[in-house]
Amino acid sequence: METMFDTLLQLPLFQGLCHEDFTSILDKVKLHFIKHKAGETIIENGSPCKQLRFLLKGKVSIVTTSKENIYTVIEQMEAPYLIEPQSLFGMNTNYASSYIAHTEAHTISISKAFVLSDLFNYDIFRLNYMNIVSNRAQNLYSRLWEEPTIDLKEKISRFFLLHCEKTQGEKIFKVKMDDLARYLDDTRLNTSKALNELQDKGLIELRRKEILIPDAQKLII
């Protein structure tokens, strides 16, 4: 049977650490273990990030809303998963998204103070952390520099993918047709036509004021 120890070692932050070092870390750190019921809010958007939070069991919904509250993206993430490590440092140390237990979920957290005082003393942990944050930054940067396209269906696909944490799995976009057309700098009629063509191909499912994407990976051209 897989233990919490085994699950933690699967997380990218701890991969490469020898068992002796990892046991030493667990002996010193205060792990805050919490069990969440389905539907319970684990983290609220805008709340301060003062710890590394790990999802050890279950599935969470990541809910991200635009600053103008015009559209919202909902996607699911399964354990094991590290929640917003990039929010622990920088100019803005608040969570960018809300995290809601999609199923019963188990999380643990490690304080920022312990990360600074102890975990960063381990070269492997420090390198893993820098790689995670750097890979995220490079991925987002490469999306911004994609060649422009005049094809509206491709613009729509890029809009969806640009606003996803991961490009795999099911996504839900809550957005009005008029607002989406404005973001795409096109007419409502053309946007509706392009969305229906994507639906005919089985890539999306149109609902009232929301769009379901069964598998975002299929939108990648």
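In this predicted model, helix α5 (residues 152-162) packs against α7 at an angle of about 80°, and their axes are 9 Å apart. An angle from 65 to 115 degrees counts as roughly perpendicular, and α5 and α7 therefore stand roughly perpendicular to each other. On the α5 side the contact is formed by L152, K153, I156, S157 and F160, which meet N190, T191, A194, L195, E197 and L198 of α7. By class, the residues of this α5 contact with α7 comprise six nonpolar, three polar and two charged.

**Helix packing around α6**

Helix α7 (residues 188-200) also packs against helix α6 (residues 177-184), here at an angle of about 100° and with the axes 9 Å apart. The pair α6 and α7 is therefore roughly perpendicular as well. The residues M177, D178, L180, A181 and L184 of α6 meet R188, T191, S192 and L195 of α7. This contact of α6 with α7 is made up of five nonpolar, two polar and two charged residues.

The third pairing is that of α5 with α6, whose axes cross at roughly 100° and come within 11 Å. These two helices, α5 and α6, are therefore likewise roughly perpendicular to each other. Helix α5 contributes L152, K155, I156 and F159 to the contact, while α6 contributes L180, Y183 and L184. The class count for α5 with α6 is six nonpolar, no polar and one charged.

The packing geometry of the three pairs is set out below.

| Helix pair | Angle between axes | Axis separation |
|---|---|---|
| α5 and α7 | about 80° | 9 Å |
| α6 and α7 | about 100° | 9 Å |
| α5 and α6 | roughly 100° | within 11 Å |

Several residues recur in these contacts. L152 and I156 of α5 meet α7 and also take part in the contact with α6. From α7, T191 and L195 meet α5 and are likewise met by α6. L180 and L184 of α6 meet α7 and also belong to the contact with α5.

**Domains and their interface**

The domain assignment divides the chain into domain 1 (2-142) and domain 2 (150-217). UniProt, in an unreviewed entry, lists residues 150-217 as "domain: HTH crp-type". This span is 47% helix and 16% strand, and its end C-alpha atoms lie 21 Å apart. The same kind of record, also an unreviewed entry, lists residues 13-112 as "domain: Cyclic nucleotide-binding". Residues 13-112 are 11% helix and 43% strand, with end C-alpha atoms 14 Å apart.

The C-alpha centres of domain 1 and domain 2 are separated by 29 Å. Their contact draws 12 residues from domain 1 and 14 residues from domain 2. Between domain 1 and domain 2 an area of about 1,300 Å² is buried, and carbon and sulfur atoms give 53% of it. Within domain 1, the residues that lose the most area to domain 2 are I70, Y71 and E75, which together account for 43% of what that side buries.

**Backbone features**

Two backbone features concern loops on either side of β6. The peptide bond joining A79 and P80 is cis, with omega about -5°. P80 is located in the loop between β5 (72-78) and β6 (81-83). E84, a residue other than glycine, has a positive phi near 40°. E84 lies in the loop between β6 and β7 (98-101).

Methods: Residues are numbered from 1 along each chain as its sequence is written. This is a predicted model: local features need pLDDT of at least 70, side-chain atom pairs count only at pLDDT 80 or more; totals for chains, interfaces and linings use all residues. Side-chain values use heavy atoms; hydrogens and water are left out. UniProt positions are given in the numbering used here, feature names are shortened, and annotations may be inferred rather than shown by experiment. Helices (H or I, at least four residues) and strands (E, at least two) are DSSP runs, numbered from the N terminus. Axes are lines fitted to C-alpha atoms, for helices over the stretch in contact, and angles run from 0 to 180 degrees between N-to-C directions. Angles under 35 degrees count as roughly parallel, over 145 as roughly antiparallel, 65 to 115 as roughly perpendicular and the rest as oblique. Contact means heavy atoms within 4.5 Å. Ala, Val, Leu, Ile, Met, Phe, Trp, Tyr, Cys and Pro count as nonpolar, Asp, Glu, Lys and Arg as charged, and the others, Gly among them, as polar. Domain bounds come from an automatic or database domain assignment. Buried area is the accessible area (1.4 Å probe) that two parts lose on being put together, summed over both.
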